[in-house]
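The following paragraphs walk through one protein model, moving from its overall make-up to particular helices, strands and loops. Please keep the structure in view while reading.

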Amino acid sequence: MHGLAPRPRRAFAPHRRLTSLLAVVAVVAALLVPNLTAGSPAAAAEPSATAALASTTPVDAGVAPMTLDGFDAGNIISDDVFFNKGTMSEAQIDSFFRSKGGTCQSGYTCLKDFRMDTPNRPADQYCNGYSGGGGESAARIIYKAAQSCGINPQVFIVMLQKEQGLITHTWPSQWRFDMALGQGCPDDAPCDPRFAGFFYQIYGAARQMKIYTEGYWFQWFAPGNTWNIQYHPNKGCGTAPVYVANAATSALYYYTPYQPNAAAMRAGYGEGDACSSYGNRNFYNYFTDWFGPTGGSSVERNSPFGNVELIEARPGEFAVSGWAIDPNTNAPLSVHIYVGDVGRAFTANESRPDVGAAYPAAGNNHGFSARVPVNGPGETGVCVYAMNVGPGANVLLGCKTLLSLTGSPVGKVESVTAGKGTINVAGWALDPDTTDPIEVHLYLGGVGRSFKADVARTDLPAAYKANGNRHGFTASLPAAIGTHTVCAYGINTGPGWNIEMGCFEVTVTGTAIEEKGRTPIGSFETLTSDGGRVTAKGWAIDPDTASPVKVHLYYGGVGREYTANKTRTDVGAANPGYGNAHGFEETFAVSGAKAEVCAYALNTGPGVNAFLGCKTVDVVETIPEQGRVPIGELEGVTVSGTTATVKGWTIDPDTRESIRVHLYLNGVGREFIANKDRTDISERYPAYGYYHGFEEKLTIPTGESTICAYGINTGPGGHTFLGCKTVTASSGIQEKGRVPIGSFEAVQASGTSVTASGWAIDPDTSSSIRVHLYVNGVGREYIADKARADVGAANPGYGNAHGFSETFTLDVGTSTICAYGINTGPGGHTFMGCKTINVTAPVVDRGRPPFGNFEPLTASPGRLNVAGWAIDADTADPIAVHIYVDGAGLAYMADIERADVAAAYPGFGTSRRGFYQSIPATPGAHGVCVYAINNGAGGHTLLGCQSVTVP
């Protein structure tokens, strides 16, 4: 019952009287492949003797990191745990499936959604029978089988994962369900068709476990004895004596008659060597990761414990609280909260006197209260793990399935009525992701206005009670006489997009615009100048007519008459019924340095004219290009330490714009803009304005330096030499017994080659100093003399030669490197810190296919959002992924930082393994497929295909 592993020969000869029974009952060999990522759905259409294990890895399964510290080959799981049928209810099993299973790919049914009609089974000496039913879920089948046969349902959950990966698989074919546990599938014969089907696999395996532990038919791994158990079907790989301590462990060996060797144990979830088998190791891995200690060793008493007191859905998040303690420390520990398959770490460090009173040795600071963002709409599983810090194992504290409060806004337009010159709109709108009021946009004749839906409403639907009651809105829109269309939109604030709440037609009645002697309204908005001319802009309306009105613009006491008839849609929208033809924008010549213009709107009837205001502007005259050279002066250079401040001014007579200035330090030039405010220069050259000064800082070497300045022409003329100044800089550095300063910045590994880098300076000298690097306590001396311009800029006067970047070879494993800056004089040395690095063996291209995860596909208006991660086990570098949208492919790099992937795969080099692309797409349904591209000799891997509709 080793799932997709190549089927080995049976590693033992059954007793003669068992021959007929074993033709039907599965007695299988070890799980011979480690836990790697699945291949493509196409490749999984039917079982294959060479296929890789289809279970997903801890990253995409959302499990807490595993530990094999407590694994005991003779006591893999205790009888108390193995036969405890009360560990999970049907609802808890279902919640667990939903928390671990990702989004199921189109065309497939995942375990969390699987249902089938089940038959009746009679009671016997092993199980209490089974009452069949229609459309029973996987969770219900497992729960009922566990209760009938007295087996812990967690045992079946773990076996489903290690055999077929069904807990986390997102594209399982029917054969995976038909042979879910390998029940009735001997290694040396075809599967017995009587055991095909998910129900027969679960109930048959439950009953078979009881047969195993009865001790009558199966005796060669009987508990209370020492047995030589093979490492692998290949007898040449050897055996080792194992004292089988209990019936549960013996049942696991009947099921998978191999123990993991040292290579398999070192590999964690990964691959060992040619003599490694993985079935019982992976059983222990998954069980302790997902459900805590197996009770098979001292792990249980050394593992965390606690309680999840609250898992509650709130707008845009889940509220989770409780407490957790590790018996090996009184320090707060980490809890990991998974929403679906996305986990986040929190620290259980809140004061809980009640917990402290119950566990006085641990203290009070073990509570946690977290707000965890939702992943998407619909039912979501939320699970909480307490993370072990000692010799125990991580513990699942609890799971719950809830409906996420997230998505696009919801609301309703309840009334649209016409008033006198207005349209009145009322209703409510909210965004499920927040309790705050949201905006509602109302469009009248294509022109939108924003309103806040913040009116208290006690009659909102009960489903949105958690969002509060301040979500009503009432709005009044000015409208002319006639029929209008009003459209309302709820504006999104979180995941999702804006929604249309409807469009409504309404007719405004009333009297036409008429003469009432009212004064014009309007605005004199701007007055600008260009080349001896000014432009006055604004708008004006006489409320007693929809026709354009006259405006008078006065300059120098002389008026000019214009008609305000230019199109202004903003004015028309703000004044419904009057149209858009009410703007003015007029240009005329002026003289002098300044010009003042006053504007009036003229009444068309018996009322008075309206004064719209006066504005003053500096008159800008056009300066012709005459090829003149710049003028200016290098006024002075002052020195402080090794910093020189260079000051002066320069103007090109052919332009008012600020020009460039070149400053040369000992023959090396730098460019600046002479744009500093110089009122004194403006007074001398009033036609050119204020911004022609320069005042720039240069770092100069110790000793004598020459600084020269040039004004750079903007046109065809030559540049202008503004002068040179000679200055002297002294470092002022002297021996004062100060300790070195610096930073041990980074340690990086490439295979077994490690590079340590940073910088160090002794404040009492500008010379490069020594650094000592201690590797696992053994010191090496280097000189910090590599160029570091950033260090030199931050420490003026000391120069740039103070960096170190040293490379050396280390053995495979974990090493600690410490750095010291060595004093050149009487002061002490400086400890700059230690860094730990894990050195892995160089990656060898073995032709293995890439693996990874295509995470749930989402869409936003006009775009497809594609994310996931990919690794080629034969390279430490990021690899390419090909994303196909409706059959058209593009190549991208999976090189985005993914710390979660790196944590799950620490032996694969860089943590830059993620990809995220937002791809333009037309509205409608689209199919997206993602391939991980092999970096070497192996084939590529289809990470999956998903469909989504783009709004």
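Buried residues make up 50% of the 951 residues in this protein, whose coordinates come from a predicted model. The chain holds 16 helices and 53 strands, and, among the contacts with a sequence separation of 6 or more, 65% join residues that are 24 or more positions apart.

A useful place to begin is helix α8, which covers residues 198-214. Its 17 residues should span 24 Å at 1.5 Å a residue, and because the C-alpha atoms at its ends are 25 Å apart, the expected and computed spans agree. Of these 17 residues 12 are buried, so α8 is largely enclosed by the rest of the structure. The buried set consists of Phe-198, Phe-199, Gln-201, Ile-202, Tyr-203, Gly-204, Ala-205, Ala-206, Gln-208, Met-209, Ile-211 and Tyr-212. What do the buried residues of α8 pack against? Their partners are α3 (79-82), β1 (115-116), α5 (138-149), α6 (153-164), α7 (174-178) and α9 (247-255). Just after the helix, Gly-215 adopts a positive phi of about 85°.

Two of these partners can be described through their helix axes. The axes of α5 and α8 come within 10 Å and cross at roughly 20°, an angle under the 35 degrees that bounds the roughly parallel class, and α5 is therefore roughly parallel to α8. The crossing is right-handed. On the α5 side the contact involves Ala-138, Ile-141, Ile-142, Ala-145, Ser-148 and Cys-149, which meet Phe-198, Phe-199, Ile-202, Tyr-203, Ala-206, Arg-207 and Lys-210 of α8. With α9 the arrangement is described by an angle of about 115° and axes 9 Å apart, so that α8 and α9 are roughly perpendicular to each other. Here, too, α8 passes α9 in a right-handed crossing, and the residues that meet are Met-209, Tyr-212 and Thr-213 from α8 and Ala-247, Ala-251, Tyr-254 and Tyr-255 from α9.

Helix α8 also leads into the nonpolar interior. The largest nonpolar core has 70 residues, and those with the most contacts inside it are Phe-96, Phe-97, Leu-160 and Phe-198. The largest share of this core, nine residues, is supplied by α8. For Phe-96, leaving aside residues up to four places away in sequence, the residues touched are Met-88, Ile-157, Ile-167, Trp-290, Phe-291, Tyr-385, Leu-396 and Cys-399.

Ile-157, one of the residues that Phe-96 touches, is also one of the buried residues of α6. The 12 residues of α6 should span 16 Å at 1.5 Å a residue, and its end C-alpha atoms, 17 Å apart, agree with that expectation. How many of its residues are buried? The count is 12 of 12, and α6 is mostly covered; among them are Pro-153, Gln-154, Lys-162, Glu-163 and Gln-164, together with Phe-156 and Leu-160. The axes of α6 and helix α11 (residues 279-291) come within 9 Å and cross at roughly 125°, which makes α6 oblique to α11, and the crossing is right-handed. In this pairing Gln-154, Val-155, Ile-157, Val-158, Met-159, Gln-161 and Lys-162 of α6 meet Gly-279, Asn-282, Phe-283, Tyr-286, Phe-287, Trp-290 and Phe-291 of α11.

Turning to the strands, Ala-819 lies in β43, which runs over residues 813-821. Its relative accessible area is 0%, so Ala-819 counts as buried. Ala-819 and Ser-743 are 76 residues apart in sequence, yet their C-alpha atoms are 8.7 Å apart in space. Beyond residues up to four places away in sequence, Ala-819 touches Phe-744, His-772, Leu-773, Thr-830, Phe-831, Met-832 and Gly-833.

Finally, two loops carry asparagines with positive phi. Asn-666, although it is not a glycine, has a positive phi of about 50°; this residue sits in the loop between β31 (660-665) and β32 (668-673). With a relative accessible area of 41%, Asn-666 is partly exposed. Asn-776, likewise a residue other than glycine, has a positive phi near 50°, and its place is in the loop that lies between β39 (769-775) and β40 (778-784).

Terms used: Residues numbered from 1 in each chain as written. Predicted model: local features only at pLDDT ≥ 70, side-chain atom pairs only at ≥ 80, totals over all residues. Heavy atoms only, no water. Helix = DSSP H or I, 4+ residues; strand = E, 2+ residues; numbered from the N terminus. Expected span 1.5 Å × (residues − 1). Buried < 20%, exposed > 50% of the residue type's maximum accessible area, 1.4 Å probe, protein only. Contact = heavy atoms within 4.5 Å. Core = buried A, V, L, I, M, F, W, Y, C linked by side-chain atoms within 4.5 Å. Axes fitted to C-alpha atoms, helices over the stretch in contact; angles between N-to-C directions. Parallel < 35°, antiparallel > 145°, perpendicular 65-115°, else oblique. Left-handed = near helix turned anticlockwise from the far one by under 90°.
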